[in-house]
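Me: I would like a close look at a single part of this structure, taken slowly and residue by residue. Please concentrate on the main nonpolar core and on the strands and rings around it.

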Amino acid sequence: ITDGSRKSVKLLTSAPDFRKGSQTISWDGRNADGAQVSDGIYDYTISIEDGVENSCAYSGKFEVDATPPVAATRQNLPAFSPNNDGKFDLLKYTIISNEDGTLLFSHTDVTDKIIASDVSFECRTDNPLDVVWDGWSLIQNNAPVFKFLLSPTDGRYRYWVYALDRAENKSKVVGGFSIVDLTPPEIKKL
């Protein structure tokens, strides 16, 4: 295995007695000194020679990625009122990851019961995704991607997001609270 500058990182085996058939060689991501290698692109070469000096070789590339992504989220309103009056009916969550992969979005109701768990969105590096909550559905690109079973009620709803990169490294969980306020104000006489 060699790094991007063609410097040898580790020789996995030089066993002289492989038998005919399929063989498996694995690598733990450590160099010859036992240290974890840095994230990056690596080259490998598999070469074999039989007992009468016939030989062949195969080379390829692979990526080492041991660094978790970073996810972030924000919402456009501190509170919204999804009552279809045309005023503050939609709450927009903007979610983002610093790596290609998947963003997973979860949501609770006012009792902190999970009502949406790990709703999945494909993401590209540093490309924000807008997910809209209308009180009944999560919407992306004007299409519902998840429908809630219950109508919204007044209260505080918790949401959170995390990212998985292509190597399945998981980010820290980030999130916050959204407030639903459907109750109109009252004017009382004194």
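Reply: What follows starts with the core, moves through its strands and rings, and ends with the parts beside it.

The model is a predicted one, and every value below is computed from it. The largest nonpolar core has 22 residues, and those with the most contacts inside it are Ile95, Leu103, Phe105, Phe121, Trp133 and Leu138. Several strands contribute to this core, with at least two residues coming from each of β5 (91-97), β6 (101-108), β7 (114-123), β8 (129-133) and β11. Apart from this core lies another one, of five residues, which includes Ile1, Val37, Tyr42 and Val64.

The sheet gives the frame for much of this. Five strands form an open sheet in the order β4-β12-β11-β6-β7, and their pairing is mixed. The edges are β4 (79-80) and β7, each of which pairs on one side only. Between β6 and β7, which run antiparallel, there are seven bridges, and Phe105 has Val119 as its bridge partner in β7.

Strand β6 deserves a reading along its residues. Leu103, one of the residues with the most contacts inside the core, touches Ala71, Ile95, Ile96, Ser97, Val119, Ser120, Phe121, Cys123, Leu129, Val161, Tyr162 and Ala163, when residues up to four places away in sequence are not counted. Leu104 is also placed in strand β6, and its relative accessible area of 10% is under the 20% limit, so Leu104 counts as buried. On the same basis of counting, which leaves out residues up to four places away in sequence, Leu104 touches Asp118, Val119, Ser120, Trp160, Val161, Tyr162 and Leu164. Leu104 and Val161 are 57 residues apart in sequence, yet their C-alpha atoms are 5.5 Å apart in space. Phe105 is buried, with a relative accessible area of 0%.

On strand β7, the residue to examine is Phe121. With a relative accessibility of 2%, Phe121 counts as buried. Leaving out residues up to four places away in sequence, Phe121 touches Ile95, Gly101, Thr102, Leu103, Phe105, Leu129, Val131, Gln140 and Val145. A contrasting value comes from Phe121 and Gly155, which are 34 residues apart in sequence and 26 Å apart in space, C-alpha to C-alpha.

The rings add a second kind of link. A pair of aromatic rings is described by the distance of the centres and the angle of the planes. The whole structure contains 12 aromatic pairs. In one of them, the ring centres of Tyr93 and Tyr159 are 4.6 Å apart and the planes stand at 55°, so the pair is tilted. This pair links distant parts of the chain, since Tyr93 is in strand β5 and Tyr159 is in strand β11, 66 residues apart. Both tyrosines are buried, and for Tyr159 the relative accessibility is 5%. Tyr159 also forms a pair with Phe105, which is stacked, at 6.1 Å centre to centre and with 20° between the planes. Because Phe105 lies in strand β6 and Tyr159 in strand β11, this second pair ties together parts that are 54 residues apart in sequence.

Two charged groups are also placed over rings. The charged end of Arg156 sits over the ring of Phe177, 3.6 Å from its centre, while that of Lys170 sits over the ring of Tyr162, at 4.4 Å from the ring centre.

Tyr162 also leads to the loop between β11 (155-165) and β12 (174-180), where Ser171 lies. Ser171 is buried, with a relative accessible area of 6%. Its contacts, not counting residues up to four places away in sequence, are Pro68, Pro69, Val70, Ala71, Tyr162 and Ala163. A polar atom of the Ser171 side chain lies 2.8 Å from the backbone nitrogen of Ala163.

For comparison, there is also a hairpin elsewhere in the chain. Strands β1 (residues 40-49) and β2 (residues 55-64) run antiparallel and are joined by 10 bridges, with Gly40 standing opposite Val64 in β2. This hairpin has five residues between its strands, and Glu53 takes a positive phi near 65° there. Ring pairs also link Trp27, Tyr42, Tyr44, Tyr58 and Phe62 into a cluster.

How values were computed. Residues are numbered from 1 along each chain as its sequence is written. This is a predicted model: local features need pLDDT of at least 70, side-chain atom pairs count only at pLDDT 80 or more; totals for chains, interfaces and linings use all residues. Side-chain values use heavy atoms; hydrogens and water are left out. Helices (H or I, at least four residues) and strands (E, at least two) are DSSP runs, numbered from the N terminus. Buried means under 20% relative accessible area, exposed over 50%, partly exposed in between (1.4 Å probe, protein chains only). A polar contact is a pair of N or O atoms within 3.5 Å; within protein, one must be able to donate a hydrogen and the other to accept it, and residues adjacent in sequence count only if both atoms are side-chain atoms. Contact means heavy atoms within 4.5 Å. A nonpolar core is a set of buried Ala, Val, Leu, Ile, Met, Phe, Trp, Tyr and Cys residues joined through side-chain atoms within 4.5 Å. Rings of Phe, Tyr and Trp (its six-membered ring) pair if their centres lie within 6.5 Å; planes under 30 degrees apart count as stacked, over 60 as edge-to-face and the rest as tilted. A charge sits over a ring if NZ of Lys or CZ of Arg is within 6 Å of the ring centre and within 35 degrees of the ring normal. Two strands pair if DSSP finds at least two bridges between them.
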